[in-house]
Structure formats: structure tokens, C-alpha cells
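Here's a quick look at a pocket and the ligand that goes with it. Have the structure open as you read.

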Amino acid sequence: MEKMQTRLTEIKANIDRAAGRSGRRGRDITLIAVSKMVEPEITRQAYQLGITDFGENRVQELNRKKAFLPEARWHFIGRLQTNKVKDVVGEAYMIHSLDRWGLAEAINKRALSLGIRVPVLVQVNISGADRKTGLVPAELEEFLRSMGQLAALQVRGLMTMAEEDPDPEASRPVFRELSLLRARLAELEFPNVELHHLSMGMSQDYQVAIEEGADMVRIGSALFS
Ligand SMILES: *Cc1c(COP(=O)(O)O)cnc(C)c1O
């Protein structure tokens, strides 16, 4: 717990400084603690230290930990299989990984049956690497336009993952491009689409991500390992 407190203090100071370099305040940035590698008890300790937002990349794990810590906000950040949609819609505070039309339809259908609307981020594959999930930038405009057909979806922004690289500067062009895409597409004003959030940056590169405009960073190992 003491160790986590020390790490959290350092991460928060880094977030404050990076936010300052991009003309914002630390409180404008949401720290999402990615708890996939820890047990539920650890998330309660983190919550007691003031962390309110957690991220999980597996539906079953999200539900298990949410049952343990229902007062927190649970973000779904992993690749989502269509057959798991029923278990995550209504449970996740936000889904960061909308990456295809079939998934959007499935989320919409489930949300309609529950009578709710679901905040989602559209995942973009900036680097174009095959093994990364997400829409490529060229597909994005058409995809966002089509969201008008899905009344229960609320697109709230964009998400990306950079390649793993020990040098955080290697991620900068990816984050910058997502930021520019957001700025360009936000002017087009599609129904059900409000490009407010940029979810980008992990333990390695969250400071660079914030400098480039991220307002949600997903941090796992720097906090928990
Ligand atoms: C695991 C994971 C993270 C956190 O990664 P760290 O390098 O441990 O900070 C962030 N985003 C996604 C989508 C992840 O799967």
C-alpha cells in the first residue's frame, strides 16, 4: 500500500506537469488504473488512495472486480467479442474499444433492450500494423457518420494504442495523429458523436500522450507492479 501510494504520487506529479505543458491542469486528465494484473483486493487499496477509474481488458474480469468494488467506474479497454457484449453493456462505464460495425450494432441492440445509452470510444489503428486492432484513419469518417443509425450509442471520443517501445518519444507521432484526426472530425458534427475524449498513453508513454492531448491515460504496470 505504501509502495502504491509512492508510485501514485509520482504518477500524479508527472500528469500535472505534462498537463501543464499542454495548457491544462492535472484534474483535466483521468487516470484509469489498469488492474488486469492484480487481484480485486488491490483495486480496493487503490480506490482508498483516491483512484476512481479502473480499466480491464476482459469482460469476466471486469465483472468480477466490479462486483468487488462497485463504487468505482469500470472501463472496458480490450478487444470485445460480439458474444460478450451482453455481459459488458450496462456494466462498463465506458467501452474504449469499438473497432467495427458489427460490434457497434451488437452494443446498440443490447443497450436498446436494457433501455440505456452506452458511451463508447472508437479505437483507431494509427500505425497501420496488421496485428493492431482498430479502424484505420481512412475508415473513420464513414464509420462515425454511420453512428447516427445506432441511437443507443454515444461516441465520446477516440482511443489508440502505440507500438510498445522503451522510448516514449516513439509514440509521439501516433498520439499527434490521433489528436489531429479528432480535431478534423470534430468539425463534421455527426449524430450520436461527440469527440470529446482522447484515450491514449500507457505506463511507458502517458506523459507524451498528455502533451499531445490525451485526457484519459490507461496505466497498469507503473502503478501496480
Ligand atoms: C494493459 C493495458 C494497458 C496498460 O498497460 P501498462 O503498460 O501496464 O500501463 C493500457 N491499455 C490497454 C488497452 C491495455 O491492455
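The largest pocket holds about 700 Å³ of space, a volume being the space filled by probe spheres set on grid points joined across faces, edges and corners. A pocket here is an open set of points on a 1 Å grid over the protein atoms alone, where a 1.4 Å probe fits, with protein on both sides within 12 Å along at least five of seven lines; lining residues have an atom within 4 Å of a point. This is a predicted model, with local features needing pLDDT of at least 70 and side-chain atom pairs pLDDT 80 or more, while totals for chains, interfaces and linings use all residues. Residues are numbered from 1 along each chain as its sequence is written, and side-chain values use heavy atoms, leaving out hydrogens and water.

The lining counts 29 residues, with Lys36, Met161, Glu164, Met202 and Arg218 nearest the centre. By class, that's 9 nonpolar, 11 polar and 9 charged residues.

So what takes up the space of the largest pocket? The ligand does. Around the ligand you'll find Val34, Lys36, Asn57, Ile77, Met161, Met202, Ser203, Arg218, Ile219, Gly220 and Ser221, each with a heavy atom within 4 Å.

Now for the polar contacts, pairs of N or O atoms within 3.5 Å. In each row, the ligand atom is an oxygen.

| Residue | Partner atom | Distance |
|---|---|---|
| Lys36 | side-chain N or O | 2.7 Å |
| Ser203 | side-chain N or O | 2.5 Å |
| Gly220 | polar backbone atom | 2.8 Å |

On its own the ligand has 390 Å² of accessible area, and the protein covers 87% of that (Shrake-Rupley method, 1.4 Å probe).

Note on methods: A polar contact is a pair of N or O atoms within 3.5 Å; within protein, one must be able to donate a hydrogen and the other to accept it, and residues adjacent in sequence count only if both atoms are side-chain atoms. A molecule sits in a cavity or pocket if more than half of its atoms lie within 2 Å of its grid points. Ala, Val, Leu, Ile, Met, Phe, Trp, Tyr, Cys and Pro count as nonpolar, Asp, Glu, Lys and Arg as charged, and the others, Gly among them, as polar.
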